[in-house]
Amino acid sequence: METEGARTDRLGLLLGQFDHAREMAQVRLTGLGDAEYLWEPVPGCWSIRRRGEAVTPRAFGPGEWLLDLGAANIPASEYAEVARQAAGGMTVAKIADDWSVSAERVEQILARTGAPEPDATPITTIAWRLGHLHFQFAGAWEWTFGERRQDPKLMVDFAPSAALTLDRFWTVIDRWRESVATVTEEQLDTVGLSQYPYSNDRDYPYIGVLSSTNLEFIHHMAEIALLRDLWQARFATDE
C-alpha cells in the first residue's frame, strides 16, 4: 500500500481510508450485470421492487422502483449500540426517536427481560445494498453541504439497471467526497454540522459522523463483495 506523502492529519486519515475503500469497491463492482445485481439468494430478500409490488411495509422511493424497508424495529445485533447510547446520556425518548420505535421497546431492550424476539435481520440483494448507500450518501451531502431540505428517501430514483445505478451512485459518492475535502478543522469538531434526519448525526462532532460514514461504506461494500462471490459460486455450479 502506498504511504509516501500520505496525510496524517485527522481529515486526511479519514479521506485516505475512504479513498482506499472506494478504490477497492469500484474494482469489486466491475462487470456487475443486471441479473446478479437483482439476484435473491434466499426467499424473502429485501431488494428494489416496482411500486405496487413491494412486500415490505415502508418501502420508499420517488419513482417506479422502491427500496424495501420493513417495520420499525431494532435488530438484536444493535442492542449493544442502544446500550452505548443510553450509557452516553441519551434519554429513552431520544433513543426511541433515533430508531423510530416506542420508548417501551427501548426500555425492554435496556432491561433485557421480557423483551419480544426481534425480527430476523433480512438478507438483501446487491441492488438493496447499493440503494441503501446511495440514498444515505445523497442525503448526507444534502443535510451537511446542501440546502438541508430534501428528504433523503426521495432523492434517489432506484433502477433495475446495474450500469445506470453504478453511474449515478459514483456521481453522488464523488460529490460527497469533494465536499468533505473542504471541511475545516473547526468544522470537524462542530456538533450538528450534519443534520441528516434519519440518524443522530446532529448530536455528534462531524469527525465522528465521518468515521461512522466510512464504516457504513466499508461494511456494505464488504457484504456486496460476498454476494458477488456467492453469485459466482452459484453460476459455476449451475454450469
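Phe135 is buried in this predicted model, where its relative accessible area comes to 6%. The residue belongs to helix α6 and pairs with Phe60, which sits in the loop between β1 and β2 (65–67). Phe60 has a relative accessibility of 9%, so this residue counts as buried too, the cut-off being 20%. A pair of aromatic rings is described by the distance of the centres and the angle of the planes. For Phe60 and Phe135 the centres lie 5.0 Å apart and the planes meet at 75 degrees; the pair is therefore edge-to-face, a label given to angles over 60 degrees. Along the chain the two partners are 75 residues apart, and the pair thus links distant parts of the protein.

Aromatic pairing extends beyond these two rings, with a count of 12 aromatic pairs. One of them joins Trp46 and Trp128 in a tilted arrangement, with 5.8 Å from centre to centre and 50 degrees between the planes. Here again distant parts of the chain are linked: Trp46 lies in the loop between α2 (34–37) and β1 (48–50), Trp128 lies in helix α6 (residues 126–142), and 82 residues separate them. Trp46 and Trp128 are both buried. Ring pairs also link Phe18, Phe137, Trp176 and Phe217 into a cluster.

Two members of that cluster have a neighbour worth a look in the viewer. Thr213, in helix α9 (residues 206–238), touches both Phe137 and Trp176, leaving aside residues up to four places away in sequence. The relative accessible area of Thr213 is 16%, under the 20% limit, so the residue is classed as buried.

Another tryptophan, Trp39, is found in the loop between α2 and β1. Its relative accessibility of 14% falls under 20%, and Trp39 therefore counts as buried. When residues up to four places away in sequence are not counted, Trp39 touches Thr125, Leu227, Leu230, Trp231 and Arg234. Pro197 stands 158 residues from Trp39 along the chain, and the C-alpha atoms of these two residues are separated by 31 Å.

Turning to the overall fold, the protein contains nine helices and two strands. Their order along the sequence is α-α-β-β-α-α-α-α-α-α-α. With a radius of gyration of 19 Å, close to the 18 Å expected from the globule rule for 239 residues, the protein is as compact as a globular protein of that length. A box of roughly 55 × 55 × 35 Å, taken along the principal axes, holds the C-alpha atoms.

Contacts across the sequence complement this picture. Of the contacts between residues at least 6 apart in sequence, 66% join residues at least 24 apart. Buried residues account for 42% of the 239 residues. The exposed area of the protein is about 12600 Å², and 54% of it is supplied by carbon and sulfur atoms. As for charge, there are 22 positive and 36 negative side chains, and the centres of the two sets lie 3 Å apart.

Methods
Residues are numbered from 1 along each chain as its sequence is written. This is a predicted model: local features need pLDDT of at least 70, side-chain atom pairs count only at pLDDT 80 or more; totals for chains, interfaces and linings use all residues. Side-chain values use heavy atoms; hydrogens and water are left out. Helices (H or I, at least four residues) and strands (E, at least two) are DSSP runs, numbered from the N terminus. The radius of gyration is taken over C-alpha atoms; the globule rule is 2.2 Å times the number of residues to the power 0.38. Buried means under 20% relative accessible area, exposed over 50%, partly exposed in between (1.4 Å probe, protein chains only). Contact means heavy atoms within 4.5 Å. Accessible areas come from the Shrake-Rupley method with a 1.4 Å probe; for residues, only the protein chains shown count as cover. Lys and Arg count as positive and Asp and Glu as negative; His and the chain ends are not counted. The place of a charge is taken as NZ of Lys, CZ of Arg, CG of Asp or CD of Glu. Rings of Phe, Tyr and Trp (its six-membered ring) pair if their centres lie within 6.5 Å; planes under 30 degrees apart count as stacked, over 60 as edge-to-face and the rest as tilted.
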